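Subject: The structure I promised

Hi,

Here is the structure I said I would pass on. Have a look at it first, and then read my notes below.

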Amino acid sequence: MSQFVVLLKKELLESWRNFKWIWMPLTFILLGVMDPITQNYLPKILDTMGDLPEGAVIQLPVPSAEEVISMSLANIDMLGILILVLASMGIIAGERKSGVAAMILVKPVSHHYFVMSKWLSSLLLMWISLFLGLLASWYYTGLLFEFIPFSDFLLSFVLYGIWLSLVITITIFYNAFLKTPGLVGFISLATIIILNMVSGILTEWLAWSPARLMSYASQSLMQDGLPENTIASIVLTVLIMIVLLFTSVFIFRKKELAV
Amino acid sequence: MSIISVNGLRKSFNGLEIIKGIDFSLQEGNCIALLGPNGAGKTTTLRMLSGLMEPTTGTITFRNGTKGEDIRKYIGYLPQYPVFYDWMTGFEFLMYVGELGGLSKKKSKEKSLQLLELVGISEAKNRKVGKYSGGMKQRLGIAQAIIHDPLLLMLDEPVSALDPFGRREVLELLEKLKKQMTILFSTHILNDAEEVCDELLFLHNGQLVESGTLESLRNRHQKSKIDLEFKEKPEKYLNSITESGLISSMNVEGNKASITVVNLDEAKQTIFQHASTNNWPLTKFEISRLTLEDLFMEVVQK
């Protein structure tokens, strides 16, 4: 166990030194505050900037606070995922490519701990960035529209965070058997997009799909209690994560590390 | 006692056989050089021994081979081109590797400082590894390989990237380490092998072509050879001894002659006689010792 702590500490130190702990939370905060602000000022912006004829009346429905927050979620769902994948696509593949993984794993280091430490450190960074991003969205929505109950915000944050955990797990999984970070990024994104598309089209059939968690997260803002199938979707997502993690360790152990 | 033994080791990449079945065992406390030209399979062999590569067939047994034991804790390995985390300082990297090797934080710190001193880069310990020179990286590589006190230290071309001073120092370091652990290092620089090693393994085209102690190899391959050097062209003097039947071959180059003889003692006497009676203008007489280079050439060409 102490070895795991050593490995995890190294991962956290590395992401601190290459500023991931600065730019990732900042990006999520930016994504989070964008929608409350643009939604609030959009009519004014159109009024002053838009090249509209004299006397034209713009009537935009004022969105509810819940709608604004789910817009932030949708925003993070596009750019946030891209950023997460880009940030973790080289986490093992890069070390294997450079050869430093061989330097480390020739020591009595558990492959399990090696993979898990990278997974956990990426997860920590993601959960904290997501929390700060959504918190900023909640706060600005509160200021500019109205405050929604904090517990509602927490619920949608957790639901959405579970989906992003799977995104990271998928990236780590491809990291375990591909050596080129760019390829890992591409295939991870492709997997996520396909999963998203298929689950979006076959909503009835794939109600348990992990990719549905995003819409459950925004639905949970609009209604009391959990949307239907949410629990099943969570259980399935966690199961897939466990299977992917174990498979990655298994594949990684079989890989020849020498470059 | 043998520390590691290798049986029928083979390795293929995409159907191309790189290691074609080698067997050997290393005695504890020895320093062994793995010699061979480029592409002989030295690196591949070391990688298999260190566990970084799976052999295609064959077995590697460590000590008496407790089943299922993680042998990595007994092994220190330095690849030919060591790589580090560039964002760490040399000291941090050693600390990290030491703790991964099972040392406590305190012990690892102590050991890291001590090793940085030993390999001579302690003044750069707080500099980022990314800023290290090639020689410094090589030294840091040696330090990280021995931080967990391995029983077997394997070094892949540890000195080829170093300048003459660096080489000298690393060889002296190996001389010291020899007392604490078994060392196996690959090289194509023959002098280095001759200097620190007790035992040699010759690898050529994926096969072990020769092995043994330097002395036993010398005895096995020693040819009776005499080198002569004259003040002028030697041909006219040497004619007198070519007829004696003592000489199996002769090679003349400028003022030098190198003579392979059938019987060293008889030939020596004959040459001395001729030299004194005919008053040869000799500047040098040497019974040549087989150098590692000769041995290398011979073994490789065989």
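How many residue pairs are in polar contact across the interface of chain B and chain A, counting pairs with both residues at pLDDT 80 or more? The rule finds 9 such pairs. That pLDDT cut-off is there since this is a predicted model, so please read everything below in that light.

**Where the two chains meet**

Let me stay with that interface for a moment. On the chain B side, helices α1, α2 (90–100) and α4 (134–146) each supply at least two of the residues that touch chain A. The biggest giver is α2(B), with 6 residues. Sorted by type, the chain B residues that touch chain A come out as 15 nonpolar, 4 polar and 10 charged.

As for the overall contact, 29 residues of chain B meet 26 residues of chain A. Together the two chains bury about 2,500 Å², and carbon and sulfur atoms account for 64% of that. If you want residues to click on, try Arg72(B), Trp87(B) and Leu100(B): in chain B they lose the most area to chain A, and together they make up 30% of what that side buries.

There is 1 salt bridge across this interface. Glu92(B) pairs with Arg17(A) in a salt bridge, and their closest N and O atoms are 2.7 Å apart.

**Inside chain B: two domains**

Chain B splits into domain 1 (2–219) and domain 2 (222–301). Their centres, taken over C-alpha atoms, are 41 Å apart. The two do touch: 15 residues of domain 1 of chain B are in contact with 9 residues of domain 2 of chain B. About 1,100 Å² is buried between these domains, with 73% of it from carbon and sulfur atoms. On the domain 1 side, Leu190(B), Phe202(B) and Arg218(B) lose the most area to domain 2, together 51% of what that side buries.

How many salt bridges are there between domain 1 of chain B and domain 2 of chain B? The count is 0. Polar contacts give 0 residue pairs as well, with both residues at pLDDT 80 or more. The elements of domain 1 that give two or more residues to this contact are α6 (190–196), β8 (199–204), β9 (207–213) and α7 (214–221) of chain B. Of these, α7(B) gives the most, with 4 residues. The domain 1 residues that touch domain 2 divide into 9 nonpolar, 3 polar and 3 charged.

**A residue to look at in chain B**

Is Thr44(B) buried or exposed? Thr44(B) counts as buried because its relative accessibility is 11%, and the cut-off for buried is under 20%. You will find Thr44(B) in helix α1 (residues 42–50) of chain B. Setting aside neighbours within four places in sequence, Thr44(B) is in contact with Lys11(B), Phe13(B), Ile18(B), Ile19(B) and Met53(B).

**Chain A**

Chain A has 10 helices and 0 strands. Its C-alpha atoms fill a box of roughly 75 × 40 × 30 Å along the principal axes. Of the 259 residues of chain A, 49% count as buried. Take the contacts in chain A between residues at least 6 apart in sequence: 80% of them join residues at least 24 apart.

**Salt bridges**

Over all chains the count comes to 16 salt bridges. One of them, in chain A, joins the side chains of Glu95(A) and Lys10(A), at 3.0 Å from N to O. Glu95(A) sits in helix α4 (residues 93–98) of chain A and Lys10(A) in helix α1 (residues 2–17) of chain A, so this pair ties together parts that are 85 residues apart in sequence. Both Glu95(A) and Lys10(A) are buried.

In chain B, Arg168(B) and Glu195(B) meet in a salt bridge at 2.1 Å, N to O. Arg168(B) belongs to helix α5 (residues 164–177) of chain B and Glu195(B) to helix α6 of chain B, so the link spans parts that are 27 residues apart in sequence. Arg168(B) counts as partly exposed, at 36% relative accessibility, and Glu195(B) is also partly exposed, at 36%.

Another salt bridge joins the side chains of Glu175(B) and Lys178(B), at 3.4 Å from N to O. Here Glu175(B) is partly exposed, with a relative accessible area of 32%, whereas Lys178(B) counts as buried at 18%. Back in chain A, salt bridges that share partners join Lys10(A), Glu11(A), Glu14(A), Glu95(A) and Lys118(A) into one network.

Cheers

Definitions and conventions. Residues numbered from 1 in each chain as written. Chains lettered and ligands numbered in written order. Predicted model: local features only at pLDDT ≥ 70, side-chain atom pairs only at ≥ 80, totals over all residues. Heavy atoms only, no water. Buried < 20%, exposed > 50% of the residue type's maximum accessible area, 1.4 Å probe, protein only. Contact = heavy atoms within 4.5 Å. Buried area = accessible area lost by both parts, 1.4 Å probe. Salt bridge = Lys/Arg side-chain N within 4 Å of Asp/Glu carboxyl O. Polar contact = N/O pair within 3.5 Å; in protein donor to acceptor, adjacent residues only side chain to side chain. Nonpolar A, V, L, I, M, F, W, Y, C, P; charged D, E, K, R; others polar. Domains from an automatic or database assignment.
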